[in-house]
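I opened this model to take notes on its chains, its cysteines and one helix. The entries are in the order in which I looked things up.

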2 protein chains.
Amino acid sequence: MGRFAYHGPKLVFSGRMMTELKIIELLARWAPDKAPGMVRGIGDDCAIFRPRPREDLLFTTDLLVEDVHFRRTTHTAGDCGHKTLARGLSDIAAMGGRPRFCLLSLAVGKGLDQRWVEGFYKGLLELARETGCPLAGGDLAHADQTAADIIVCGAVPRGKALRRDTARPGDGVFVTGALGVSALGLATGKGLPWRRHLRPEPRLAAGLALRRLGASAAMDLSDGLSIDLHRLAKASGVAAMLNGDLPAFEGATLAQALHGGEDYELLFTLGARKKAPLALAGLPVTRIGRIIEGPPGQVRVPGGILQPLGYDHFRK
Amino acid sequence: MGRFAYHGPKLVFSGRMMTELKIIELLARWAPDKAPGMVRGIGDDCAIFRPRPREDLLFTTDLLVEDVHFRRTTHTAGDCGHKTLARGLSDIAAMGGRPRFCLLSLAVGKGLDQRWVEGFYKGLLELARETGCPLAGGDLAHADQTAADIIVCGAVPRGKALRRDTARPGDGVFVTGALGVSALGLATGKGLPWRRHLRPEPRLAAGLALRRLGASAAMDLSDGLSIDLHRLAKASGVAAMLNGDLPAFEGATLAQALHGGEDYELLFTLGARKKAPLALAGLPVTRIGRIIEGPPGQVRVPGGILQPLGYDHFRK
């Protein structure tokens with residue numbers, strides 16, 4: 001809803017009562033509801049949005065669950081807020097969209113205090129401001145375990161959304177950036193890879209560039225190349241052949257680059273007649289293979305078939 | 001997202017592995033993604049929606065958390081699915097909207113089996129079909145505790161959404177139906193009140209009728225009349241005076257009618273010059289008071305000031 005309604009017992013933070021009203025006042029200060037097309041943001045039963053003519057709207061939802069997607073001991077409140085929105089924005093980027101607004105449903109886990117809640121919103125709203133994606137509403141509840149559900153609305157010119165079911169045999173297969181960085185960060189807990197794991201960057205500018213370039217299909221790499229390419233190929237009714245050229249992040253193993261999740265780079269295909277770009281919005285682009293006819297979803301590598309292991313693999 | 005992506009360990013149900021793919025196949029069977037305006041539903045990074053000209057879109061999100069909003073021991077999986085969507089639809093009804101589509105993020109709690117997940121979706125999709133609100137996407141995860149977040153998109157003619165911040169002194173205050181039925185059901189656990197507690201009915205037809213009637217303000221009664229009227233008055237910068245006429249459900253106490261949550265009836269105001277309806281879409285309408293000038297949010301009753309106790313009051 002546009003309102004942040006709070007159902008259930010009062011949130012008690014470090015012995016202090018934090019009422020719904022207090023949280024909404026805090027949000028209204030931080031998240032002004034005026035944005036292009038936003039008739040009414042936080043404060044009513046629903047947010048009211050006026051679409052522009054000749055645009056399609058994109059909608060994505062992403063859950064971030066405590067001890068599944070993050071741990072209190074390793075992720076600050078701000079990291080959690082950032083990551084929650086970044087995951088949603090990455091889906092908008094994957095379809096070549098521009099963010100319009102977001103909604104957040106937050107179930108606050110036991111033992112978390114007001115500082116945590118404030119930190120969470122600060123991390124989220126900082127990224128919201130940077131990317132032009134104002135918070136227009138949501139819901140609040142308490143729970144034993146923290147769970148955040150982000151909804152992002154984006155927009156593309158009518159009929160121009162990049163999809164994953166439109167790759168065709170003969171297309172080249174490409175990725176932006178370097179792979180395995182998040183898995184490497186998760187394994188080592190330090191340096192740039194760890195920071196990238198905590199604060200992934202949605203590839204919005206690259207997504208826009210891809211749409212203008214006329215990519216034949218695209219998706220984001222959220223669960224790992226092996227499973228995500230399998231999904232793209234399956235949705236398109238085609239197979240894919242990797243050429244062995246993989247832009248692994250320095251220090252990442254081949255397995256991390258192939259199966260590591262949460263890189264949030266873009267995976268895309270491009271018709272054979274299109275000139276492949278060397279970079280998109282400052283990100284290097286690597287041709288990693290091509291689309292071929294074959295069993296839908298099959299991903300071949302020199303000498304065999306790649307199993308879609310993906311993200312699970314790295315969560316022991 | 002349009003996709004139902006599954007992040008995290010495999011869902012293991014009663015020793016059986018239930019993969020993301022299996023759940024998506026099941027959903028694709030049950031939730032065909034073709035609906036007016038839906039270019040692409042389940043299956044991609046985002047759902048793609050093409051708005052109609054001259055319409056505003058409404059967005060609401062509602063969390064349903066295990067042991068906060070429902071218990072496994074009292075609510076069947078189907079009840080949970082129904083209630084999840086009903087709560088979102090009630091917000092659309094409150095603004096005079098027609099449902100367009102919904103998205104669902106579901107964190108499946110420990111120990112729940114495939115039958116539970118199927119039952120949940122069946123309950124939700126049955127109501128989705130009845131109300132013309134197809135499921136266009138969402139997200140799935142596992143968790144210790146079940147949490148469902150529903151996002152409903154609705155539509156109204158441009159500028160015609162009913163809001164809660166537009167009541168003016170002199171307006172009459174009205175409610176649809178009878179109050180306290182859900183609280184009575186929660187207290188007794190039997191009969192019609194209990195069934196209404198388990199399967200609330202969003203007042204969509206009454207909301208449409210209210211919009212056509214030209215109500216000056218409206219909201220749904222989700223947390224109890226005393227707190228919800230307080231919210232409407234506060235948002236509008238006015239006070240309200242109750243006349244002592246309260247359409248309490250037969251058998252419900254005055255406290256249940258005043259403070260009981262989850263009735264999902266509509267609370268609305270009507271300019272003094274408008275003829276008050278006796279019924280809306282088959283629901284009786286009762287004039288319960290009027291809007292007055294006074295401290296914003298204050299609700300007076302004959303002989304005093306009503307405290308906004310609302311839903312919390314009835315949770316143990």
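The notes below cover symmetry, the contact between the chains, the cysteines and helix α4.

**Entry 1: symmetry.** I note at the start that this is a predicted model. I superposed chain A on chain B, and a rotation of 180° with 0.0 Å of shift along its axis does it, at an RMSD of 0.0 Å. The two copies are thus related as by a two-fold rotation axis. I then looked at which surface each copy uses: 100% of the contact residues of chain A recur in chain B, so the same surface serves both copies.

**Entry 2: the contact between the chains.** I looked up how many residues each chain puts into the contact, and found 69 from chain A and 69 from chain B. Between them, chain A and chain B bury about 5600 Å². Of that area, 51% is on carbon and sulfur atoms.

I went on to the polar side of the contact. There are 8 salt bridges between chain A and chain B. One of them joins the side chains of Arg40(A) and Asp165(B), with 3.7 Å from N to O. I also have 21 residue pairs in polar contact between the two chains, counting pairs with both residues at pLDDT 80 or more. Which element of chain A gives the most to the side that touches chain B? It is strand β6, residues 55-65, with 10 residues.

**Entry 3: cysteines.** I searched all chains for disulfides and found 0. Why is Cys46(A) without a partner? The closest cysteine sulfur is that of Cys153(B), and at 9.2 Å it is too far from the sulfur of Cys46(A) for a bond.

Cys133(A) is in no disulfide either. The nearest cysteine sulfur to that of Cys133(A) belongs to Cys102(A), 4.2 Å away; the cut-off I use for a disulfide is 2.5 Å. I then asked whether these cysteines are buried or exposed. Cys46(A) is buried, with a relative accessible area of 0%. Cys133(A) is buried as well, with a relative accessible area of 0%.

**Entry 4: helix α4 of chain A.** I looked up which residues of this helix, 181-188, are buried. They are Val181(A), Ser182(A), Ala183(A), Leu184(A) and Gly185(A). Next I looked up what covers these buried residues, and the cover includes two helices of chain A, α5 (191-198) and α8 (254-259). Last, I checked the backbone just after α4(A), where Gly189(A) takes a positive phi of about 65°.

Note on methods: Residues are numbered from 1 along each chain as its sequence is written. Chains are lettered from A and ligands numbered from 1 in the order in which they are written. This is a predicted model: local features need pLDDT of at least 70, side-chain atom pairs count only at pLDDT 80 or more; totals for chains, interfaces and linings use all residues. Side-chain values use heavy atoms; hydrogens and water are left out. Copies are superposed by least squares on the C-alpha atoms of residues with pLDDT of at least 70 in both. Contact means heavy atoms within 4.5 Å. Buried means under 20% relative accessible area, exposed over 50%, partly exposed in between (1.4 Å probe, protein chains only). Buried area is the accessible area (1.4 Å probe) that two parts lose on being put together, summed over both. A salt bridge is a side-chain nitrogen of Lys or Arg within 4 Å of a carboxyl oxygen of Asp or Glu. A polar contact is a pair of N or O atoms within 3.5 Å; within protein, one must be able to donate a hydrogen and the other to accept it, and residues adjacent in sequence count only if both atoms are side-chain atoms. Helices (H or I, at least four residues) and strands (E, at least two) are DSSP runs, numbered from the N terminus.
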